[in-house]
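Reader: Please show me the sequence and the model, and then let me ask about the fold.

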Amino acid sequence: GGDPIEPDDQARVRPEQVDLLLKLHQLGAAWRERTDPGESPRPTRIDRFELVREVGQGGFAAVYEATDTLLRRRVALKVPHPEALVSGEMRRRFLRGAALAARLTHPNLVTIHDLGESEGVAFIAEELCSGGTLAAWLERHPGPVDPRTAALVVTHLAEGLDVGHDQGIIHRDIKPENVLLVPATGDAVRPAEPVTARASAAGTAPGAGFDVKLGDFGLGKADDESSHDPLAKSTRAGARPGTPAWMAPEQIDRAIGAVSPATDVHALGLILDRLLTGRCRWAGPTDSDTMRMILLREPEAIEGGMKGIHRDLIAVCRKCLARSPADRYPRSGALAADLSRILLGVPTLARPLSAWERACRFAIRRPALIVATAVAMAALVGCGVALRGWSVQPAAAARQRALVRRPAAAQHLPRGLA
């Protein structure tokens, strides 16, 4: 597989450049195999960045913890795999994703510090998220998480992503591997009272004391891209950018609808579903099987894995996972707003309340006001009864006096009239 090597690519790639990337992979392998904690890897440098250790591997690039020797701070340095270096298109796509992300600023988006090339080796320097990925956390904690925490996590991701939607940027590859955890400095995602119909026994919170950040816009798409851009053309010519288990139906079959911000909403719904149920909704033995499941199966039994979870949260998840993009939230900001309504205990757009439910929920949210109102109404009723009693007493007394005077008056009448 892989893209063909273009003539200009062959001229630009030199053996020593590939050798440098191979040394980086050897460094990562040596780090993983070390058994002596006191042993330090031999430092390797790219441009002004000194590599400390490998912290992750992706399908396209390796990620290293590095030191920016100019600004004297730790960063995460992404470097493409050697096989990606020989393709001009893949190199441009690598840098293009960082350029898209660099246009966005939000506490729940990974910050891009720098990007460029050094001796033919492309790199991206970004915020170091020391808590790892949400995917790694879920591997260590495979069960469901606290529903309120799940709602908070997806709310924060949706709020950050909406900055991109506001600028016409669609992520197209939202998944736990691209959600990073970083120690919180402010309002962290922490366990709290569950948003459930009854108390939930769901386990710990993902990254309690951590903030969540969305990263890796490598497959992102912007509205302002030129129609002549070869990267934009490649995504319209039958390619399916994304990870199968976290794709929306329209990413597989464009006849279902256009890829839009609602496509990202679908992916956030899958993350919410994973947090609430403890299982990945679409997981076939092969990528083709997974995509077939997405196209042919309806996600109608969402409630099956969500026992004890509040109906509003289930309704929000169901709306995110609707097959038709038109039936979902139009963008992530609308999803964040509805999840915030759940956290505040007010009615959602996903499940409007009846008049009786609305009254009951109002009473639950403001019991003191309800008690005060009831006391006031009781006092008014009491006053009304008392006033009626006072008005009735004089009338009764007058009738009694009239009955007493009637015989006496009859005695004074002439006999002919008696």
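The questions below go from the whole protein to a sheet, one residue and a helix pair.

Author: This is a predicted model, in which local features need pLDDT of at least 70, side-chain atom pairs count only at pLDDT 80 or more, and totals for chains, interfaces and linings use all residues. Residues are numbered from 1 along each chain as its sequence is written, and side-chain values use heavy atoms, with hydrogens and water left out.

Reader: How many helices and strands does the protein have?

Author: Helices (H or I, at least four residues) and strands (E, at least two) are DSSP runs, numbered from the N terminus. On that basis the secondary structure comes to 14 helices and 10 strands.

Reader: What percentage of the residues in the protein is buried?

Author: Buried means under 20% relative accessible area, exposed over 50%, and partly exposed in between, with a 1.4 Å probe and protein chains only. The protein has 418 residues, and the buried share is 43%.

Reader: In what order do the six strands of the open sheet lie?

Author: Two strands pair if DSSP finds at least two bridges between them. The pairing in this sheet is antiparallel. β1 (44-46) and β5 (112-118) each have a single partner strand, so they stand at the edges with one side lacking a neighbour in the sheet. The order is β1-β2-β3-β4-β6-β5.

Reader: Which helix packs on the sheet?

Author: Contact means heavy atoms within 4.5 Å. Axes are lines fitted to C-alpha atoms, for helices over the stretch in contact, and angles run from 0 to 180 degrees between N-to-C directions. The helix touches β3 (61-68), β4, β5 and β6, and its direction makes about 155° with that of β5. It is α4 (residues 88-102).

Reader: How many bridges join β3 to β4?

Author: These strands run antiparallel, and Ala 61 stands opposite Pro 80 in β4. Their hairpin has four residues between the strands, and there Arg 72 takes a positive phi near 55°. The number of bridges joining β3 to β4 is eight.

Reader: Which residue in β6 is the bridge partner of Lys 78?

Author: β4 (residues 73-80) and β6 (residues 121-126) run antiparallel and are joined by three bridges. Leu 77 stands opposite Ala 125 in β6. For Lys 78, the bridge partner is Ile 124.

Reader: Is Ala 76 buried or exposed?

Author: Ala 76 is found in β4, and six of the eight residues of that strand are buried, so it is largely enclosed by the rest of the structure. Leaving aside neighbours within four places in sequence, Ala 76 has contacts including Val 63, Tyr 64 and Ile 124. At 5% relative accessibility, Ala 76 counts as buried.

Reader: At what angle do the axes of α9 and α11 cross?

Author: α9 (residues 261-277) and α11 (residues 311-320) have axes that come within 8 Å. Angles under 35 degrees count as roughly parallel, over 145 as roughly antiparallel, 65 to 115 as roughly perpendicular and the rest as oblique. The two helices are therefore oblique to each other. Their axes cross at roughly 140°.

Reader: Which residues in α11 do those of α9 meet?

Author: On the α9 side the residues are Val 265, His 266, Gly 269, Leu 272, Asp 273 and Leu 276. In α11 they meet Leu 313, Val 316, Cys 317 and Cys 320.
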